[in-house]
Amino acid sequence: MSTLHPAVISRPTLGFTLEGLSDREETLFKAIVRLLDHRTLQRWVYRPASPDLRVVADDVPRPMPAGEGGAQPLVLTLSTQPGSRPHCLALPLRADGLEAELNILGEQRIGARNAALPHQATEAQPAPMKLLRWPAPELLGTPERLKLAALMVKRPFTTDWLQQRSDAAPGTCALFIAELKEAGLLAEAEDGRAVSAAAPANQDAAGRLPPARSGLLARIRHRLDLLVRPSST
């Protein structure tokens, strides 16, 4: 089975702009973002008009016209002296530090977007899913995945419920669920109820155990009784 990459899963696209940086710093920043595209939870593109994120030098003023949806864009500062300010990276840039900041700021931006949606647009909830059987070992390569699978066994679940209970990153949950679907291990739970994947092997799809064999034993005893009963003649 092919392993899905985080980049294969549909991700929201967010835009960034660069302000007050030298040409070399701009070129380097864009190159690192492209290299990180397969690792970030969102897809980041250079978009000076209505950006979601402003990447600025120390001396750039903070106010800016509202971005997409009327919200102010978030700010990531690049500085030779980052100090203790939040969302401030030291120059020269390190890829791992930029990846972490993009994921944090991206989640903040998506959360703000979702909160701004009309109430009726957020009422529809995804149908609960159920785990049909325990995944093969090659799908359970990390402690996070073992924990997710254990939660799936207990009851029908949604992606949101799984993330809240496991404290796993959204990308981790999304990738695991996508791979389980590809392997045919997930199905929609009927009426929100699903048989536990840890149920006894002789339990049917509705959760019922097969009928007891007492009826057959009773018939056997009855026949034996006829054989050994003395004749009335």
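Axes here are lines fitted to C-alpha atoms, for helices over the stretch in contact, and the angle between two axes is taken between their N-to-C directions. The model described below is predicted.

With that in mind, take helix H3, residues 143-154, and helix H5, residues 170-182. Their axes lie 11 Å apart, and the two helices pack at an angle of about 65°. The crossing of H3 and H5 is right-handed. On the H3 side, the contact is made by Glu144, Arg145, Leu148, Ala149 and Met152. H5 contributes Thr172, Cys173, Leu175, Phe176, Ile177, Glu179 and Leu180. Sorted by character, the residues of this contact between H3 and H5 comprise eight nonpolar, one polar and three charged.

Helix H4 covers residues 159-166, and its buried residues are Trp161, Leu162 and Ser166. These buried residues lie on the same side of H4, because they cover an arc of only 110° around the axis. H3 and H5 are included in what covers the buried residues of H4. Just after H4 comes Asp167, with a positive phi of about 60°.

Helix H1 can be read in a similar way. H1 runs over residues 23-35, which makes 13 residues. From the first C-alpha of H1 to its last the reach is 19 Å, close to the 18 Å expected at 1.5 Å a residue. Glu26, Phe29, Ile32 and Val33 are the buried residues of H1. They are on the same side of H1, since the arc they cover around the axis is only 135°. On the other side of H1, the exposed residues are Asp23, Arg24, Thr27, Arg34 and Leu35.

The loops hold some backbone details. One loop, between strand E2 (43-46) and strand E3 (53-57), contains Ser50. Ser50 is not a glycine, yet its phi is positive, at about 50°. Ser50 counts as partly exposed because its relative accessibility is 41%, and partly exposed is the range between under 20% for buried and over 50% for exposed.

Further along, His87 sits in the loop between strand E4 (74-79) and E5. His87 also has a positive phi, of about 55°, although it is not a glycine. With a relative accessibility of 22%, His87 counts as partly exposed.

Strand E5 (88-90) and helix H2 (95-116) are joined by a loop in which Pro92 has its place. The peptide bond joining Leu91 and Pro92 is cis, with omega about 0°.

Key:
Residues are numbered from 1 along each chain as its sequence is written. This is a predicted model: local features need pLDDT of at least 70, side-chain atom pairs count only at pLDDT 80 or more; totals for chains, interfaces and linings use all residues. Side-chain values use heavy atoms; hydrogens and water are left out. Axes are lines fitted to C-alpha atoms, for helices over the stretch in contact, and angles run from 0 to 180 degrees between N-to-C directions. Helices (H or I, at least four residues) and strands (E, at least two) are DSSP runs, numbered from the N terminus. A crossing is left-handed if the near helix is turned anticlockwise from the far one by less than a right angle, and right-handed if clockwise. Contact means heavy atoms within 4.5 Å. Ala, Val, Leu, Ile, Met, Phe, Trp, Tyr, Cys and Pro count as nonpolar, Asp, Glu, Lys and Arg as charged, and the others, Gly among them, as polar. Buried means under 20% relative accessible area, exposed over 50%, partly exposed in between (1.4 Å probe, protein chains only). The arc is that of the directions from the helix axis to the C-beta atoms. The expected span of a helix is 1.5 Å times one less than its number of residues.
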